[in-house]
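Trainee: Got a minute to go through this one with me?
Mentor: Yes, put it up.

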Amino acid sequence: MVFSEPRVGFGTWQNTDPEACAESVRTALEMGYRHIDTAQLYENEAYVGDGIERADVDREEITLGTKLWPGDLASDRVHDAVDESLERLGVDYLDILYVHWPAKDYDAVDTLGAFSELRDEGLIRHLGVSNFTPELLDEAQAACDAPIDVNQVELHPLLPQPDLLEYCRGHDIEVVAYSPLARGRVFEIPEITDIARENGLSEAQVAIAWLLSKDGVNPIPKASSEAHIRGNLEATDVELTAEELDRIDDINRELRIADRDWVDW
Ligand SMILES: NC(=O)c1ccc[n+]([C@@H]2O[C@H](COP(=O)([O-])OP(=O)(O)OC[C@H]3O[C@@H](n4cnc5c(N)ncnc54)[C@H](OP(=O)(O)O)[C@@H]3O)[C@@H](O)[C@H]2O)c1
């Protein structure tokens, strides 16, 4: 198992103000979050590290993940890039190291071979990938002697990805759901607003509770204010009825926010 309770984690993309970022991470951890997500790309690893340092929570209790950008995925660069992330984060190991996108210098054998060495050296606990399809997961698993434990993908009521979820469950790969609120777009969906109103919940809580109803899915909403951070965590106590879950499953509109075309430069 990669993740402990609660299954809601804390996303940090666009959280780039040093003090605000550190304080939001500290607040989240002291409120009960245990999974913190960052990336080299977010340019906030040092501030995330400050938040971890400030929080009255033991490092061993925290599941910390970061991601290497496609230009840092050649095996001769991976070790240095991870050393730099560890330095910025102020920690001596990562719980999850991700391939952020399978692009540019990504080569399954070369990149994941380097990840596997880092795991043997104790610098990372789990190998993660992000934005991987079942075909890319097949290739990654065949290329690497260490297990691929996590796939982080865009997942929300407008992009439910049932086939990918089934694949991951069948291969013991935990899913981290990014953009679980579709960056606010879920607040405009009538099925979600109706269920929120009927139950006295926020739309964010309905979307997160729907994700939590799916085995092996760990949503990581990003939030700034203490009220949003708390409200999102409280979604772990929400149990939607089968009828409500079906209503959300039946939403017949698709939206994919993250576009891989902008990664291939
Ligand atoms: N692997 C990848 O390629 C990838 C791509 C994108 C994202 N991610 C990860 O996934 C995390 C989450 O995704 P995201 O940041 O794209 O989008 P998101 O979590 O779907 O949405 C974040 C937005 O929702 C707002 N929000 C949060 N909680 C709210 C609430 N309870 N009520 C109202 N508004 C609320 C936030 O505003 P405030 O900040 O004002 O609270 C923010 O504007 C990222 O931070 C990052 O860690 C990974």
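Mentor: A definition to begin with: rings of Phe, Tyr and Trp (its six-membered ring) pair if their centres lie within 6.5 Å, and planes under 30 degrees apart count as stacked, over 60 as edge-to-face and the rest as tilted. The model is predicted, so local features need pLDDT of at least 70 and side-chain atom pairs pLDDT 80 or more, while totals for chains, interfaces and linings use all residues. Residues are numbered from 1 along each chain as its sequence is written, and side-chain values use heavy atoms, without hydrogens and water.
Trainee: How many aromatic pairs in the whole structure, then?
Mentor: The search finds two. One of them is Phe 10 with Tyr 33, edge-to-face, at 5.5 Å centre to centre and 70 degrees between the planes.
Trainee: Where do Phe 10 and Tyr 33 sit in the chain?
Mentor: Phe 10 is in strand 1 (residues 10-11) and Tyr 33 is in the loop between helix 1 (18-31) and strand 2 (35-37), 23 residues apart. Helices (H or I, at least four residues) and strands (E, at least two) are DSSP runs, numbered from the N terminus.
Trainee: Switching to the ligand. Which residues come nearest?
Mentor: Asp 37, Ser 179, Arg 183, Ser 224 and His 228, out of 26 around the ligand; the cut-off is a heavy atom within 4 Å.
Trainee: And polar contacts?
Mentor: Those are N or O pairs within 3.5 Å. A side-chain N or O atom of Ser 224 is 2.5 Å from a ligand oxygen. A backbone N or O atom of Ala 182 lies 3.3 Å from a ligand oxygen.

How values were computed
A polar contact is a pair of N or O atoms within 3.5 Å; within protein, one must be able to donate a hydrogen and the other to accept it, and residues adjacent in sequence count only if both atoms are side-chain atoms.
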